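The following exercises ask the reader to work through a protein structure step by step. Each task is followed by a worked solution.

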Amino acid sequence: MKNATALSLEEVLALDGGTPIRNSALPYGRQSIDANDIEAVVRVLQSDYLTCGPIVSLFENNFAAQVGAKGAVSLSNATAALHAAYHALGVREGDEVLVPAMTFAATSNAVLYNGGTPVFCDVDPNTLLLDPKDVKKKITKKTKGIAVVDYAGQPGDYESIRAIAKEHGLWILEDAAHSLGASYQGAKVGSFADCTIFSFHPVKHMTTGEGGMVTSPHAEILTKVAQFRNHGITSNHREREIQGTWAYEMHDLGYNYRLTDLQCALGLSQLKKLPGWIEKRQKIAATYREALKDSKLFHPLSVQNDRTHAYHLFVVQIDLKNATESRAKIYQALRAEGINVNVHYIPVYLHPYYQKTLKMGKGLCPNAETAYEKILSIPIFPSMKKEDVEDVIEALQKVERFYSKI
Ligand SMILES: *Cc1c(COP(=O)(O)O)cnc(C)c1O
């Protein structure tokens, strides 16, 4: 197959001048917006309240009900949600929080915002979920809590992590930016951790443009988060108007991390469609798994059978010992075919900021570092057509034909 002169242009890799599988690039993720969403936002534009209005709590209440949470507080994005959640959980100067190395930087940055220190833990090589064994090893007298990331959309190993947390008196924060709509041993994500945070960035399961949410079974945590997002003030303007009072008190140093009514209207409208979208993601994932079951080059991450997967990402690990080319070349080859694959994530502590400020470097979490060299996220989003899914599979098979040793 390597003798390109004997092949038609369809059979040559686009990277080598052949015809690409697709003419228009397929992104790895994208939002779905319909006429109902647009109408919902326009209705708010014509109403009295663009922010701090009644749609905010309506969205929060519906969201809480849908994920089985006691309550929910909306914020301007999930990074603000993490900032507020760690604050409400009590992270202060000198505290350590255990964080998986394989995550988006915001999970650990928000520990730093609160003056705490993120301590990076390794992940399981087959799921890339936080490894409870490494969590145990990294607990010190300063450890206050454990941040678990439901990587790609699969909930973490909560049974083991809960046992460790209980033994050491630690809280659990669940970064569910990838796992809205998933469940663990029958319990919905958002219903069981001390604090769960969600993201409504357009690439996530549902969107409000930018947006985030905190859920918690603890009323005092929800109150603290609500104050933190509103300058540390105990009531908002509309509540004061309803009560006929101008008086308010600032009890804590807070921020303006509010989500607007415009955004909450979009969120409410999107929320209704969420279950169907998760199902669609799961169907696409099942098609990928079937197509890749005999692949020599691309191995999907494994899924535990006591949880459901919400598939924010579909991640494959490249079997580099069977590959004739590097991950970088395979990445480029797939992009040239019109399939916009991505890499999630570089281990957080390898970012220059972490290396410089926290004096961290290579060798800290070997499994995360090894995984980083061989992972690719392939496109998955609810509005993908059957032909889009087929294009992805065809491109993976084409690249495998050229770049596999066996
Ligand atoms: C997207 C994401 C965030 C941050 O979300 P924003 O809403 O963009 O601030 C945090 N953690 C993880 C794991 C994410 O994927």
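**Exercise 1. The ligand and its surroundings**

In this predicted model, an oxygen atom of the ligand lies 2.9 Å from a polar backbone atom of alanine 78. Starting from this pair, describe how the protein surrounds the ligand.

*Solution.*

Step 1. Consider the side chains that approach the ligand. An N or O atom in the side chain of threonine 79 is 2.6 Å from an oxygen atom of the ligand. A nitrogen atom of the ligand has a polar side-chain atom of aspartate 175 at 2.8 Å.

Step 2. Turn to the cover of the ligand. On its own the ligand exposes 390 Å², and 92% of that is buried by the protein.

Step 3. Assign the shell to secondary structure. H3 and helix H4 (106-113) are the elements that contribute two or more residues to the shell around the ligand.

Step 4. Describe the shell itself. It holds 14 residues, of which the closest are Thr79, Asp175, His178, Ser199 and Lys204. By character, five residues of the shell are nonpolar, seven are polar and two are charged.

**Exercise 2. A three-stranded sheet and arginine 307**

Determine the strand order of the sheet that contains S6, and state which strands stand at its edges. Then characterise the surroundings of arginine 307.

*Solution.*

Step 1. Establish the order. The open sheet is built of three strands, arranged S7-S6-S11, with antiparallel pairing.

Step 2. Identify the edges. Strand S7 (187-188) and strand S11 (307-308) each have a single partner strand, so one side of each has no neighbour in the sheet.

Step 3. Examine one pairing. Two bridges join strand S6 (residues 183-184) to S7 in the antiparallel sense. Within this part of the sheet, tyrosine 184 is opposite alanine 187 in S7.

Step 4. Locate arginine 307 and classify it. Arginine 307 is part of strand S11. The relative accessible area of arginine 307 is 10%, and the cut-off for burial is under 20%; arginine 307 is therefore buried.

Step 5. List the polar partners. The side chain of arginine 307 reaches the backbone oxygen of glycine 156 at 3.1 Å. The side chains of arginine 307 and aspartate 157 are joined by a polar contact of 2.8 Å.

Step 6. Complete the list of contacts. Apart from neighbours within four places in sequence, arginine 307 is in contact with Leu129, Gln154, Pro155, Gly156, Asp157, Ser183, Tyr184 and Gln185.

**Exercise 3. Histidine 344**

Is histidine 344 buried or exposed, and which side chains make polar contacts with it?

*Solution.*

Step 1. Place the residue. Histidine 344 belongs to the loop between helix H10 (327-336) and helix H11 (352-357).

Step 2. Apply the cut-off. With a relative accessible area of 7%, histidine 344 is buried.

Step 3. Find the polar contacts. The side chain of histidine 344 makes one with the side chain of tyrosine 28, at 3.3 Å. Another, of 2.7 Å, joins the side chains of histidine 344 and serine 377.

Step 4. Add the remaining neighbours. Not counting residues up to four places away in sequence, histidine 344 touches Tyr28, Met102, Tyr151, Leu313, Ile375 and Ser377.

**Exercise 4. Strand S2 and isoleucine 139**

Describe the burial and pairing of strand S2, and show how isoleucine 139 relates to leucine 98.

*Solution.*

Step 1. Assess burial. In strand S2 (residues 96-100), five of the five residues are buried.

Step 2. Separate the two faces. Glu96, Leu98 and Pro100 point one way from S2, while Val97 and Val99 point the other way.

Step 3. Identify the partner strand. S2 pairs with strand S3 (residues 117-121) in the parallel sense over five bridges. Valine 97 stands opposite proline 118 in S3.

Step 4. Bring in isoleucine 139. This residue is in the loop between helix H5 (132-137) and strand S4 (143-149), and at 18% relative accessibility isoleucine 139 counts as buried.

Step 5. Compare sequence with space. Isoleucine 139 and leucine 98 are 41 residues apart in sequence, with their C-alpha atoms 7.8 Å apart. Leaving out residues up to four places away in sequence, isoleucine 139 touches Leu98, Ile164, His168 and Leu170.

Note on methods. Residues are numbered from 1 along each chain as its sequence is written. This is a predicted model: local features need pLDDT of at least 70, side-chain atom pairs count only at pLDDT 80 or more; totals for chains, interfaces and linings use all residues. Side-chain values use heavy atoms; hydrogens and water are left out. A residue is near a molecule or strand if one of its heavy atoms lies within 4 Å of it. A polar contact is a pair of N or O atoms within 3.5 Å; within protein, one must be able to donate a hydrogen and the other to accept it, and residues adjacent in sequence count only if both atoms are side-chain atoms. Accessible areas come from the Shrake-Rupley method with a 1.4 Å probe; for residues, only the protein chains shown count as cover. Helices (H or I, at least four residues) and strands (E, at least two) are DSSP runs, numbered from the N terminus. Ala, Val, Leu, Ile, Met, Phe, Trp, Tyr, Cys and Pro count as nonpolar, Asp, Glu, Lys and Arg as charged, and the others, Gly among them, as polar. Two strands pair if DSSP finds at least two bridges between them. Buried means under 20% relative accessible area, exposed over 50%, partly exposed in between (1.4 Å probe, protein chains only). Contact means heavy atoms within 4.5 Å.
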